Amino acid sequence: MTDQPKTDQQTNPKQTNRPTQNRPTDQPKTFLGVNVINGFPWSPQVHDDTPKRLQSFEIRKDDVFVVAYPKSGTNWARELVRNIVCQGNKENVKEDYGSNPHGQLEFGDNFKKYDSLSTEKPRVMMTHAPVDALPKQAFEGKGKIVFVMRNPKDIAVSFWNFVKEKRVIEEYEEWDAFFETFLRSDMMYGNWFDFNLPYYENHRDKKNFLFLTYEEMKLDHKGCVIRISDFLSRPLLSEEQVDKVVENTTFSNMKAKNPISFQRKEEIGKRMRKGVVGDWKTSFTVAQNERFDAIYNQRMEGSALAKQIIFGI
Ligand code: PPS
């Protein structure tokens, strides 16, 4: 892999030969397959009445929500939290996996299922809910929120590979088409800026919010385990427990063993793809990179979030 994005000449020639289905290539594209509810593009797995009901979701004091824009490392962070809560004990982790709803809090009937769980154990939930759809009590100090951010270029490539692999949306077999869509505000879950900026700028000093980046987790996996366990007031009792949590949540172990993270085995390959920082360089052309940087610099100007985001390690 080079350290630079692809030159335009290196772009797969197939992309220029093949017209995008049914639409002129110069027209911006709406992300296909979303469920637009009150103007916000949710995943199709979200029912029409869920966003409203989610806002009044009753939070318990030991609830943990992992909140992230898609492809930011949501499942990884959730697995970290689950392991910390279970002190790295694999049997307990497995049991916790089995007894909890799968997938995002907003999918299907998950929030109802979470409502009916026993109060004996802390609930570890994950969601891509935008700031105005997160349960309101979270902003009143109830529960703990682990918010994960990742550089948007890697997210774009991760998202594209996911969508392309799923083969449900023909249009996104081509990276160029997906790239255009990724910049739009009607992208699934909104665009990256609209999702992350209001969370970080308005809530980063709240005691019950912890902001982490995917890149930090890659650079200092163990340090992040300790930070999360301190934040949750669930100290890991020994060095051995810390090491177990780290080991259980490495990319290779999550991918190999994994029954525990994801619903179906065949989903694992799509979700656990590369797990690296900087893979955007294999898809972005120089022109796309320049265009993205211009938008990024404009949207992030004066924001504290800009200092957190890195595109390579
Ligand atoms: S989802 O489906 O939107 O909730 O996806 P999400 O879980 O947020 O992000 C998927 C990306 O996270 C990578 N991943 C990991 N990276 C490093 N270490 C571990 N343990 C790990 N677990 C998941 C996963 O591979 C996706 O990134 P890409 O770049 O596609 O590999």
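**View 1. Strand S5 lies between strands S3 and S6 in the pairing**. A residue is called buried if its relative accessible area is under 20%, exposed if it is over 50%, and partly exposed in between (1.4 Å probe, protein chains only). By this measure S5 is mostly covered, with 5 of its 6 residues buried. Strands are DSSP runs of E with at least two residues, helices are runs of H or I with at least four, and both are numbered from the N terminus. The model is predicted, so local features are given only at pLDDT of at least 70 and side-chain atom pairs only at pLDDT 80 or more, while totals for chains, interfaces and linings use all residues. Residues are numbered from 1 along each chain as its sequence is written, and side-chain values use heavy atoms, without hydrogens or water. Two strands count as paired if DSSP finds at least two bridges between them. S3 (residues 64-68) runs parallel to S5 and is joined to it by 5 bridges; Val64 has Lys144 of S5 as its bridge partner. S5 (residues 144-149) is also parallel to S6, again with 5 bridges.

**View 2. Every residue of strand S6 is buried**. S6 covers residues 209-213, and 5 of its 5 residues are buried. Which residues point one way from S6, and which the other way? Phe209, Phe211 and Thr213 point one way, whereas Leu210 and Leu212 point the other way. Two pairs of residues show how S5 and S6 line up: Ile145 has Phe209 of S6 as its bridge partner, and Met149 stands opposite Thr213.

**View 3. The ligand has 21 residues around it**. A residue belongs to this shell if one of its heavy atoms lies within 4 Å of the ligand. Among the 21, Thr74, Ser158, Tyr214, Lys274 and Gly275 come nearest. By type, the shell holds 6 nonpolar, 10 polar and 5 charged residues. In this count Asp, Glu, Lys and Arg are charged, Ala, Val, Leu, Ile, Met, Phe, Trp, Tyr, Cys and Pro are nonpolar, and the others, Gly among them, are polar.

**View 4. Asn75, Gln104 and Phe251 place N or O atoms by the ligand**. A polar contact is a pair of N or O atoms within 3.5 Å; within protein, one atom must be able to donate a hydrogen and the other to accept it, and residues adjacent in sequence count only if both atoms are side-chain atoms. A polar atom in the side chain of Asn75 is 2.8 Å from an oxygen atom of the ligand. The side chain of Gln104 has an N or O atom 3.3 Å from an oxygen atom of the ligand. From Phe251 the contact is made by the backbone, where an N or O atom lies 3.4 Å from a nitrogen atom of the ligand. On its own the ligand has 650 Å² of accessible area, and the protein covers 97% of this (Shrake-Rupley method, 1.4 Å probe; for residues, only the protein chains shown count as cover). Helix H3 (74-85) and helix H12 (251-257) are the elements that give two or more residues to the shell. H3 supplies the largest share, 3 residues.

**View 5. Asn248 and Thr250 sit in and just after helix H11**. Asn248 is part of H11 (residues 239-248). Its relative accessibility is 13%, so Asn248 counts as buried. The side chain of Asn248 reaches the backbone oxygen of Gly88 at 3.2 Å. Thr250 belongs to the loop between H11 and H12. Thr250 is partly exposed because its relative accessibility is 23%. From C-alpha to C-alpha, Thr250 is 9.4 Å from Lys218, although 32 residues separate the two in sequence.

**View 6. Glu215 is a buried residue** **of helix H9**. H9 spans residues 214-219. Why does Glu215 count as buried? Its relative accessibility is 0%. Glu215 and Ile313 are 98 residues apart in sequence, yet their C-alpha atoms are 7.4 Å apart.

**View 7. Lys71** **and Ser233** **have a positive phi.** Most residues other than glycine have a negative phi. Lys71 is not a glycine, but its phi is about 70°. Lys71 is placed in the loop between S3 and H3, and it counts as buried because its relative accessibility is 18%. Ser233, also not a glycine, has a phi of about 55°. The loop that holds Ser233 runs between helix H10 (221-231) and H11. With 55% relative accessibility, Ser233 counts as exposed.

**View 8. Cys86** **and Cys224** **are buried cysteines.** Cys86 counts as buried because its relative accessibility is 11%. For Cys224 the value is 3%, so Cys224 is buried as well. A disulfide is a pair of cysteine sulfur atoms within 2.5 Å, and by this rule the model has 0 disulfides.
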